[in-house]
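Got your viewer open? Let's take a short walk through the charged side chains, one selection at a time.

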Amino acid sequence: MSPAPVPDLPGVGRRENLRDRTRDALRAAIISGELKPGVVYSAPALGAQLGVSPTPVREAMLDLVKAGLVIPHPNKGFRITEISEEDLDNLAAVRLLIEPPTVRDAVTVIPKEDLPELRALAQAIVDAAERGDLVGYIEADHVFHLTLLGYSRNRFLVDVVADLRSQTRLLGLTPLLRSGRLGRSAAEHHELLDFVEARDPVGAELLMQRHIGHVRGLWASGAKDAP
């Protein structure tokens, strides 16, 4: 199996930790479907698209191997793991069991003085959507939700959700992002914080249920209407 041509990917830029930034860019490309499941990509080709040498790509891919997102093919590259629609449904089902009730319970314990920082994290998601920044959107969304779940003070729960989120595929995210129609969903993160600020656990739980529903609905299918 020969390595496949690489789609246009955004460069990772000059960041302090090149390996981490390369890994984040590749993970975002996998989650969004920019890098296709079942396809083998070479480190030199990916590096050329990202504007880095093959070395940080290989290092980043080894991290993604551990996460189960890619499989190494010696002397060829890395194959993006395939995941079935049933698996994606099951991932969403588990997330629905964990995340909404955890957010509900967190509403009453999040200190008021933490709200400005959470608002800044939510705004980073909105800003990335407005810039059309796929990597920035997925990473900001990741940080926001895991930070919120962190108020459970259960690191095992946070680790489980982080893994579930990494395995999820958002194949409809790219067209929504490129068309500029992802802003409404991005704004939901501020709406969620409105419920937190109002100390409304039921509202927060219901919003989280709807938000995760987008993963297996509009975001997954690439539907034309924004969530």
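Start by selecting R19, D20, R21, R23, D24, R27, D63 and E139: salt bridges link these residues into a network. Keep in mind as you look around that this is a predicted model. In total, the structure holds 16 salt bridges, and this tour stops at a few of them.

Next, zoom in on D63 and R19. Their side chains meet in a salt bridge, with 2.7 Å from N to O. Now color the helices: D63 sits in helix α3 (residues 54-66), while R19 belongs to helix α1 (residues 18-32). The two are 44 residues apart, so the pair links distant parts of the chain.

How buried or exposed is each partner? D63 counts as buried, because its relative accessibility is 17% and the cut-off for buried is under 20%. R19 is partly exposed, with a relative accessible area of 29%.

Keep D63 selected and add R23. Here is another salt bridge between side chains, at 3.5 Å from N to O. R23 lies in helix α1 and D63 in helix α3, so this pair ties together parts that are 40 residues apart in sequence.

For the last stop, stay on R23 and add D24. The side chains of R23 and D24 also meet in a salt bridge, 3.6 Å from N to O. Is D24 buried or exposed? D24 is buried, with a relative accessible area of 6%.

Before you leave, show the whole network again: R19, R23, D24 and D63 are among its members.

Terms used. Residues numbered from 1 in each chain as written. Predicted model: local features only at pLDDT ≥ 70, side-chain atom pairs only at ≥ 80, totals over all residues. Heavy atoms only, no water. Salt bridge = Lys/Arg side-chain N within 4 Å of Asp/Glu carboxyl O. Helix = DSSP H or I, 4+ residues; strand = E, 2+ residues; numbered from the N terminus. Buried < 20%, exposed > 50% of the residue type's maximum accessible area, 1.4 Å probe, protein only.
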